[in-house]
Amino acid sequence: MQSGAQTPAAAPAASPPGQRRALSLGGRILRVFLYQRELTPILITIGVFVYFWARAGSATFLNSLSLSSAAGFAGPYGAIAVGEVLLLVLAEIDLSAGQVFLFCPWVMYWMDNLGLPLALSILIALAVCGGVGAVNGLITVRLNVPSFVSTLAMNFILFGTVLIASNETQASPIPLSTSAPSGGGFAGQFMGDWLWAEFAWLVAITIVVHVMFSRTRFGVRIVATGGNLLGAAEAGVPIRRVKVWAFVICSFLAGLMGIVDAVKYGTLDPGNAGVDYILYAVGACVIGGTALTGGRGTVIGAFIGAILIGLLNEGFTLIGLSIDQFYVAVGVVIIFAMALNVQFDRMIARSRAQ
């Protein structure tokens, strides 16, 4: 034996072909979940649906009244969440959207009482809501006031305006509602009287905003601005204009769904604050996979998140649990979804660094 000879290193044992295929399949599945954030809330929603279906019974949980109740509960939060996604991707937020949701039907009601045609009253109310969004955006981008502060202030302003103008008196009947002289007919059904009206509006809003967000130049500019503000500005993206329009769209959508919701119930309560609406809406965005730090969001995910919250609310009612337990469940789901999104982001960062 030669003293200087080196012993050949043993070749690493090859992994069994079946194991390689299993790992490869698992990697592909993980990659799909990493880059398609809507899949995780979809699976959670399906699991929650099956659970309540088994606990409450198929005849109870699957009847049209229960499902429409869950969809109706999700409608306002979903519409606000869909608009909120645009702002969260920009690393902004609109805390006044919930109050805009409640403020818009008041404007419509006031204009109608002044004798204006109903169609014009609705258009003026929506224009006012768009103007509220523009003010929020301009204060944020021109005065460099954080959107958290500017929209929080707007929330209080709108709430106080309703209390003062209404003299803290409920408004009823709301135009187009069943109790109003102009209620009933196709217009009333279309604007909220139909059992599935809110959900139908939510689906339509989600489709339109999803296409705008994923298929248009404006959507590309939102993602670019939220992902790299300086880079987007250097590339010629009008970042201030993009942000202002995102605020306008968010307020407009909230106001539109506010009118539908008011027609559905036929009355307005001036003491109803919009804080709960925005909290549920942001929760739906988080559940759906939207990052609160900007640069990433999904409109479809926000829609699914709102549906999940609606299912939890209706399911807990059907199986006899209290609303207090519903709040706990929503909080747990939000924390779980946020933690999962953080882990997904870390996995993506590690894969890109390799």
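Here is a short chat about a predicted model of one protein chain.

Visitor: Let's start with the fold: how many helices and strands does the secondary structure come to?
Guide: We're looking at a predicted model. Its chain has 354 residues, of which 46% are buried. As for secondary structure, the count of strands is zero and the count of helices is 15.

Visitor: What share of the contacts with a separation of 6 or more comes from residues 24 or more positions apart?
Guide: Take the chain's contacts with a separation of 6 or more, then keep those between residues 24 or more positions apart. That share is 75%.

Visitor: How many salt bridges does a search of the whole structure find, and which residue pairs with E92?
Guide: The search turns up two. In one of them E92 sits in the loop between helix 4 and helix 5, while its partner is in helix 12, 151 residues apart. Both residues of that pair are buried. The closest N and O atoms are 2.8 Å apart, and the partner is K243.

Visitor: And E198, which residue does that one bridge to, and what parts of the chain does the pair tie together?
Guide: E198 bridges to K264, with the closest N and O atoms 3.0 Å apart. E198 is buried at 2% relative accessible area, whereas K264 is partly exposed at 31%. The two residues are 66 apart in sequence, so the pair ties together helix 9 and helix 12.

Visitor: D94 has no salt bridge, so which side chain of opposite charge is nearest?
Guide: D94 lies in the loop between helix 4 (64-89) and helix 5 (97-113), and D94 is buried. A salt bridge needs the nitrogen and the carboxyl oxygen within 4 Å. For D94, the nearest side chain of opposite charge is 14 Å away, and that is K243.

Visitor: Then which side chain joins D94 in a polar contact of 2.6 Å?
Guide: Beyond its sequence neighbours up to four places away, D94 touches residues including N136, T151 and F247. The polar partner lies in the loop between helix 4 and helix 5 and is buried, with a relative accessible area of 0%. The 2.6 Å contact is with S96.

Visitor: What does S96 contact, leaving aside neighbours within four places?
Guide: S96 also has its C-alpha atom 9.4 Å from that of F159, 63 residues along the chain. The contacts of S96, with those neighbours left aside, are N136, T151, M154 and N155.

Visitor: Where's the cis peptide bond that involves P173?
Guide: P173 lies in the loop between helix 7 (147-166) and helix 8 (185-193). Omega is near -5° for the cis bond, which runs from S172 to P173.

Visitor: E168 and L176 have positive phi values; is L176 buried or exposed?
Guide: E168 has phi near 55°, and L176 has phi near 80°. E168 is in the loop between helix 7 and helix 8, and L176 is found there too. E168 is exposed at 61% relative accessible area. L176 comes out at 6%, and since the cut-off for that class is under 20%, L176 counts as buried.

Visitor: Over to the surface: which residues make the nonpolar patch?
Guide: The chain exposes about 17,400 Å², with carbon and sulfur atoms supplying 66% of it. One member of the patch, W53, is found in helix 2 (residues 39-56) and is partly exposed at 38%. The patch covers about 510 Å² and is made by I42, L43, I46, V50, W53 and L62.

Terms used: Residues numbered from 1 in each chain as written. Predicted model: local features only at pLDDT ≥ 70, side-chain atom pairs only at ≥ 80, totals over all residues. Heavy atoms only, no water. Patch = residues over 30% accessible without salt bridge, like charges linked within 9 Å, V, L, I, M, F, W, Y side chains within 5 Å. Areas by Shrake-Rupley, 256 points an atom, 1.4 Å probe, with all protein chains shown as cover. Helix = DSSP H or I, 4+ residues; strand = E, 2+ residues; numbered from the N terminus. Buried < 20%, exposed > 50% of the residue type's maximum accessible area, 1.4 Å probe, protein only. Lys, Arg positive; Asp, Glu negative; His and termini not counted. Polar contact = N/O pair within 3.5 Å; in protein donor to acceptor, adjacent residues only side chain to side chain. Contact = heavy atoms within 4.5 Å.
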